[in-house]
2 protein chains.
Amino acid sequence: MKPVDYPEPFQQLARQLRRLPGVGPRSAERIALWLATSPDAHPEALVAALETAAREVRPCEHCGFFATGPECAICAEPSRAGREICVVETANDVLPIERTGFFSGRYHALGGRLAPLENIGPEDLRIDALVKRIADERPTEIILALSADVEGEATASYLADVLRPTGVPVSRIAQGLPAGGGLEHADQLTLQRALAGRISLKV
Amino acid sequence: MKPVDYPEPFQQLARQLRRLPGVGPRSAERIALWLATSPDAHPEALVAALETAAREVRPCEHCGFFATGPECAICAEPSRAGREICVVETANDVLPIERTGFFSGRYHALGGRLAPLENIGPEDLRIDALVKRIADERPTEIILALSADVEGEATASYLADVLRPTGVPVSRIAQGLPAGGGLEHADQLTLQRALAGRISLKV
């Protein structure tokens with residue numbers, strides 16, 4: 001005799017939950033059980049939050065970060081104008097930098113990075129918009145905060161070429177040992193880059 | 001300057017996601033980002049699944065397991081009638097037993113267990129319904145599959161008293177070492193119970 005499974009609407013919910021990042025089959029079932037049975041679950045609150053977020057959140061028309069109006073809270077802040085512009089791959093990369101508390105300029109999300117194998121070329125990224133912003137906003141510096149992998153490298157060197165005529169200094173965030181990371185855990189490439197990026201100490 | 005955070009509808013979605021079991025603040029944000037930005041996310045499919053499950057799934061009127069009609073797939077199966085009834089605390093406990101493939105009777109979810117500190121007494125559990133089912137269905141045995149903790153023990157011994165007059169044999173699932181668990185990982189109480197529940201081997 002085949003063991004009975006949960007009713008189909010329940011399994012369908014678990015399948016939908018399983019698509020979420022970081023949610024495996026067991027957690028999906030646990031979450032579905034909780035949503036279906038706990039008096040504290042209030043699934044309608046989750047539904048409402050999902051619908052509101054899908055309806056109200058859109059990309060900022062300047063930088064691509066999340067906004068509820070035409071421009072995001074960062075671009076709307078006048079004290080951030082005319083400083084650095086930090087170029088990131090996606091809107092998801094903005095807050096990790098913002099939360100360091102070490103950056104008080106504006107951002108520019110490219111919407112991806114150059115990836116010839118996936119047919120993503122310069123025309124698919126918001127590069128023209130970046131060049132236009134630089135002309136309009138005259139930032140003091142462009143900081144490239146792209147991934148430390150082959151495609152991130154390629155995008156950074158392409159951007160460096162494109163941005164050279166603007167005359168604005170272009171830099172790239174450092175690569176090296178992660179904080180708290182011992183040498184024994186670092187791979188060869190990380191060590192190579194950490195060596196190449198060494199900074200002389202004042203003596 | 002205070003770092004900017006995500007727009008409020010986005011934060012509200014992350015807060016709702018964080019309430020799900022096993023989802024911490026970082027996963028909640030990762031899931032919210034994915035739902036808001038990934039072209040594969042289709043949040044409307046998750047919303048639809050949630051709404052359908054909330055609308056269509058209800059407790060089986062016999063055993064309390066999840067059903068889409070008045071009775072669940074287990075109670076609807078005639079070959080399961082007149083065999084054992086396995087008593088569990090909640091509907092969530094049914095499938096873990098069902099999936100062992102070692103039980104082919106029916107279930108009965110009490111809807112909780114006796115917990116005087118939380119003011120949960122016998123009248124809050126589906127005990128009368130169990131007694132009535134036993135009279136109607138004449139099972140061959142009642143198997144108590146309750147938690148191996150103080151409240152599970154108390155509930156089991158209360159049920160043993162209540163069910164004695166039915167004349168149906170009552171048993172309780174074994175307590176002992178978990179499969180694959182070495183002695184060195186077992187706590188004292190588990191070992192005590194494993195000793196007390198020892199089974200003589202044929203020699």
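**Exercise 1. A salt bridge within chain B**

Find which two side chains of chain B meet in a salt bridge at 2.7 Å, and state how exposed each residue is.

Solution. The side chains of B:E8 and B:R15 meet in a salt bridge, with N to O at 2.7 Å. This is a predicted model. Next, take the accessibility of each partner. B:E8 has 46% relative accessibility and therefore counts as partly exposed. B:R15 has a relative accessible area of 40% and is also partly exposed. The limits used here are under 20% for buried and over 50% for exposed.

**Exercise 2. Other salt bridges**

Where in chain B do B:K132 and B:D136 lie, and how far apart are they in sequence?

Solution. Both residues belong to helix α5 of chain B, residues 127–137. They are four residues apart, about one turn of the helix. The two form a salt bridge whose closest N and O atoms are 3.0 Å apart. Both B:K132 and B:D136 are exposed. In chain A, salt bridges with shared partners join A:E89, A:R113, A:D149 and A:E151 into one network.

Now compare the pair A:R164 and A:D161. Their closest N and O atoms are 3.3 Å apart, in a salt bridge. A:R164 counts as exposed at 56% relative accessibility, while A:D161 counts as partly exposed at 47%. Over all chains, the count comes to 26 salt bridges.

**Exercise 3. How the two chains are related**

What turn and what shift lay chain A on chain B?

Solution. A turn of 180 degrees with a shift of 0.0 Å along the axis lays chain A on chain B, with an RMSD of 0.0 Å. The two copies are thus related as by a two-fold rotation axis. In chain A, the C-alpha nearest this axis belongs to A:V47, 2.9 Å away from it.

**Exercise 4. The interface**

Describe the interface of chain A and chain B by its contacts, its buried area and its polar pairs.

Solution. Start with the contacts: 52 residues of chain A touch 53 residues of chain B. Of the interface residues of chain A, 100% are also interface residues in chain B, so the copies meet through the same surface. Then take the area. The chains bury about 4700 Å² between them, 75% of it on carbon and sulfur atoms.

Four salt bridges cross the interface. One of them joins B:E29 and A:R99 at 2.9 Å, N to O. Ten residue pairs are in polar contact across the interface.

Last, look at the side of chain A that touches chain B. The elements giving two or more residues to it are α1 (8–18), α2 (25–37), α3 (43–56), β2 (66–67) and α4 (94–98). Of these, α3(A) gives the most, with ten residues. This side divides into 31 nonpolar, ten polar and eleven charged residues.

**Exercise 5. Two loop residues**

Is B:S38 buried or exposed, and is A:C60 buried or exposed?

Solution. B:S38 lies in the loop between α2 (25–37) and α3 (43–56) of chain B. At 17% relative accessibility, B:S38 counts as buried. The side chain of B:S38 reaches the backbone nitrogen of B:D40 at 3.0 Å.

A:C60 lies in the loop between β1 (58–59) and β2 of chain A. Its relative accessibility is 2%, so A:C60 counts as buried. Beyond its neighbours within four places in sequence, A:C60 is in contact with A:F65, A:A67, A:P70, A:E71, A:C72 and A:C75. A:L50 is ten residues from A:C60 in sequence, and their C-alpha atoms are 19 Å apart.

Conventions: Residues numbered from 1 in each chain as written. Chains lettered and ligands numbered in written order. Predicted model: local features only at pLDDT ≥ 70, side-chain atom pairs only at ≥ 80, totals over all residues. Heavy atoms only, no water. Least-squares fit on C-alpha atoms with pLDDT ≥ 70 in both. Contact = heavy atoms within 4.5 Å. Buried < 20%, exposed > 50% of the residue type's maximum accessible area, 1.4 Å probe, protein only. Polar contact = N/O pair within 3.5 Å; in protein donor to acceptor, adjacent residues only side chain to side chain. Buried area = accessible area lost by both parts, 1.4 Å probe. Nonpolar A, V, L, I, M, F, W, Y, C, P; charged D, E, K, R; others polar.
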